[in-house]
Amino acid sequence: MFLCGQNGGRWKDMVMAYRTLGVVFGGLVTSPLYVYPSMNLKSPSEQDYLGIYGIMFWTLTLIGVVKYVCIALNADDHGEGGTFALYSLLCRHTNIGILPSRKADSVTNAAHANPSVGTENRSRLGICIERSMTARRIVLFIAILGMCMLIGDGILTPAISVLSAMDGLRGPLPSIHKSAVEALSAVVLIALFLLQKYGTARVSFLFSPIMASWTFTTPIIGVYSFLRYYPGIFKSISPKYIVHFFLRNGKTGWQLLGGTALCITGSEAMFADLGHFNKRSIQIAFLFSIYPSLVLTYAGQTAYLIRNPNDHSDGFYKFVPGPVYWPMFTIATLAAIVASQSLISATFSVIKQSVVLDYFPRVKVVHTSRHKEGEVYSPETNYILMLLCVAVILGFGDGKELGNAFGVVVILVMLITTILLTLVMIIIWRIPLIISALYFVPFSIVEGAYASAVCTKILEGGWLPFAVSVILAFIMFGWYYGRQRKLEYELANKITLECLGEVLERPEIQRVPGLCFFYSNIQNGLTPILGHYIQNMRSLHRVTIFTTLRYLLVAKVAPNERIIITRLGLNGVYGCVIQYGYADFLNLEGDDFVTQVTNSLRAHIENSEGLSPAYVEEEIMLLERAKEAGVVHVRGKTRFYVGKDTSLFDRILLGFYEFLHSNCRSALPAMGIPLQQRMEIGMLYKA
């Protein structure tokens, strides 16, 4: 029985490892299409190519195998990976959240996840970060920048992958102009983006076979190529060839690092897509298929280029033998499309996580599969990505400029992961500083060298991801700042339960029939909008449930912890907290939402201690009558009043926040609340 269970687990891991080929590794395994064409090589020699291959081999080994497979995959947040998962992991173990609601959550979660929180066993570094608002903002900024760079990856990967694959038409058909290839690539991408609304569930079964065909055919051609052109290619893995390369080429060799960095493109996806698979399956797929495939493919490309040194501008298709050229062109094009799909889907997931955690304006997020909660689609995000991808292809066109832009994204995301992962090692894993330094110092030096090289390409295409990241970061910071100021105002002007009780005792305040869900952003107290509502309406519903949507800095919340009901000590007045993690699907819609909350409330009433059966029955009957009388959902629609005494900084940022807020989607439609049941109460907050 035990052996059967072991074999079943191994078989499941193997099947999942096969599936990862079509989802996780699309960007990484298709990198041979554009690495050599992206390099600005001038009359390269045999020794130059041997040095370049040595750099790529050790980059794949150190960053791919050591950093991601052996270390980063262990730093998951309840199975979720990526830079934001690292940030949420830190927030759950230390009080480094910024928003007031997030800080409360992080304290609660930290105490739950780590009993040592609040004791002398806590990390000194964690305590230092907690005490410094500047340090906390820097950590948040690093996490935001990582998300922005990943979104930039979602723009550049489809552009460079499809353009590089389609460029293969010009080899056997030289009459085809480059502009025609660019136009055809743009058409392919437009078609891909227009199909996003239908989801990938119907065609995803083709992704793994396509990527498996690519993964296992390119190394075969690579072996054939290096056996034919340069059998001794693997001598270049000796570090002396790398040293000689830099000594011989000096500054030029250092600048070429920006091109070699592309060989590790997409490795961050191993970590970011951890939530869709498991650690073991990703490790198996990388170590036994992706890594050998890339090592052999680059060996074959380099061997061919040693004998044909001026063919580097088309370094992939030139080394493909003539009899298999068109089959490889077909596989390459399909593989590029699958790689593009992987990054597009990852971008949708990042946007969803950011919206859920309230770090990004609300956009529509649609779940395209009933069976896979990770498959989401955002119409606004999709069409913006489509326009940017097409603009990148038509605007840049040249593979070198696209490669320069791509290199900036690849390296900065890796550097951000290294920084956050080091914090996790020290603060959460409690690894001694000296041992943590053995990780941080070598990888920060390697990735820092790459980053310094790609930054020299800012004016040659590298400005694009910086521009995209700055715009996205400004949007996220403006939204975050506005939300923070609103929460601060509500906490400072909240209504206590004692005050509400006094108001309800006034003779002019009526309790009208019906069930009201009154939405609030704060839990310890009641929103000031309630006072504004009662003052103008002179009434409150017979049963009122103050509802807070609480997004925790965890991946998923257990179903039995999803809805939390509390008594507020007043007749017919209750509190309800609906908890979700950033990887959860908010699947409460319309009547289902009302039914689930009222069922939880009924169970809470029935299980309450110290109440007589007659009182419990009366309270349940009151709830049923209120529900039958009608349901209404009340939320505040607040705006900032910017007066003459408001600072210039607040005028700019709060004005920008109001612009974002007025153009983003409401929180209630996302829950499927019928239009006739919604009520919005307007109120001005003084800035």
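**Strands 3 and 7.** I began with the pairing of strand 3 (residues 510–519) and strand 7 (residues 631–641), which run parallel and are joined by 4 bridges. I looked up F517 and found its bridge partner in strand 7 to be H633. I note here that I am working from a predicted model.

**The sheet.** I then traced the sheet, which is open and made of 6 strands in the order 5-6-4-3-7-8. The pairing in this sheet is mixed. I checked which strands pair on one side only, and these edge strands are strand 5 (563–570) and strand 8 (678–686). For the turn between neighbouring strands I have 25° on average, with direction ignored. I also looked for a helix on the sheet and noted helix 21 (residues 497–504), which packs on it. Helix 21 touches strand 3, strand 4 (539–551), strand 5 and strand 6 (573–580). The direction of helix 21 makes about 55° with that of strand 5.

**Whole chain.** I went back to the totals. The protein chain has 25 helices and 8 strands. It runs to 687 residues, of which 56% count as buried. I took the contacts with a separation of 6 or more and found that 82% of them join residues 24 or more positions apart.

**Nonpolar cores.** I looked up the largest nonpolar core, which holds 186 residues. The members that touch the most other members are F25, Y87, W214, F286 and L530. Helix 8 (residues 133–166) gives this core its largest share, 18 residues. Another core lies apart from it, with 24 residues, including L515, Y519, I605 and A626. I picked F286 for a closer look. Leaving out residues up to four places away in sequence, F286 touches F25, L28, L60, G64, V65, V69, M270, Y291 and P292.

**Helices 10 and 15.** I record this pair by axis angle and distance, since two packed helices are described by the angle between their axes and the distance between the axes. The axes of helix 10 (residues 207–229) and helix 15 (residues 279–307) come within 7 Å and cross at roughly 35°. The crossing is left-handed. On the helix 10 side, the contact is made by T215, F216, T218, P219, G222, V223, S225, F226 and Y229. On the helix 15 side, I listed S289, I290, S293, L296, T297, A299, G300, A303, Y304 and R307. I sorted the residues of this contact into 10 nonpolar, 8 polar and 1 charged.

**Y317.** I followed the chain into the loop between helix 15 and helix 16 (325–356), where Y317 sits. I asked myself whether Y317 is buried or exposed. Y317 has a relative accessible area of 3%, so I put it down as buried. Apart from neighbours within four places in sequence, Y317 is in contact with L33, S164, A165, G168, Y325, F329 and A332. I also checked Y317 against D167, which is 150 residues away along the chain, and their C-alpha atoms are separated by 9.0 Å.

**H661.** My last entry is H661, which is in helix 25 (residues 648–663). I entered H661 as buried because its relative accessibility is 10%, and the cut-off for buried is under 20%. Not counting residues up to four places away in sequence, H661 touches R362, W479, R483, K486 and T638.

How values were computed. Residues are numbered from 1 along each chain as its sequence is written. This is a predicted model: local features need pLDDT of at least 70, side-chain atom pairs count only at pLDDT 80 or more; totals for chains, interfaces and linings use all residues. Side-chain values use heavy atoms; hydrogens and water are left out. Helices (H or I, at least four residues) and strands (E, at least two) are DSSP runs, numbered from the N terminus. Buried means under 20% relative accessible area, exposed over 50%, partly exposed in between (1.4 Å probe, protein chains only). Contact means heavy atoms within 4.5 Å. Axes are lines fitted to C-alpha atoms, for helices over the stretch in contact, and angles run from 0 to 180 degrees between N-to-C directions. A crossing is left-handed if the near helix is turned anticlockwise from the far one by less than a right angle, and right-handed if clockwise. Ala, Val, Leu, Ile, Met, Phe, Trp, Tyr, Cys and Pro count as nonpolar, Asp, Glu, Lys and Arg as charged, and the others, Gly among them, as polar. A nonpolar core is a set of buried Ala, Val, Leu, Ile, Met, Phe, Trp, Tyr and Cys residues joined through side-chain atoms within 4.5 Å. Two strands pair if DSSP finds at least two bridges between them.
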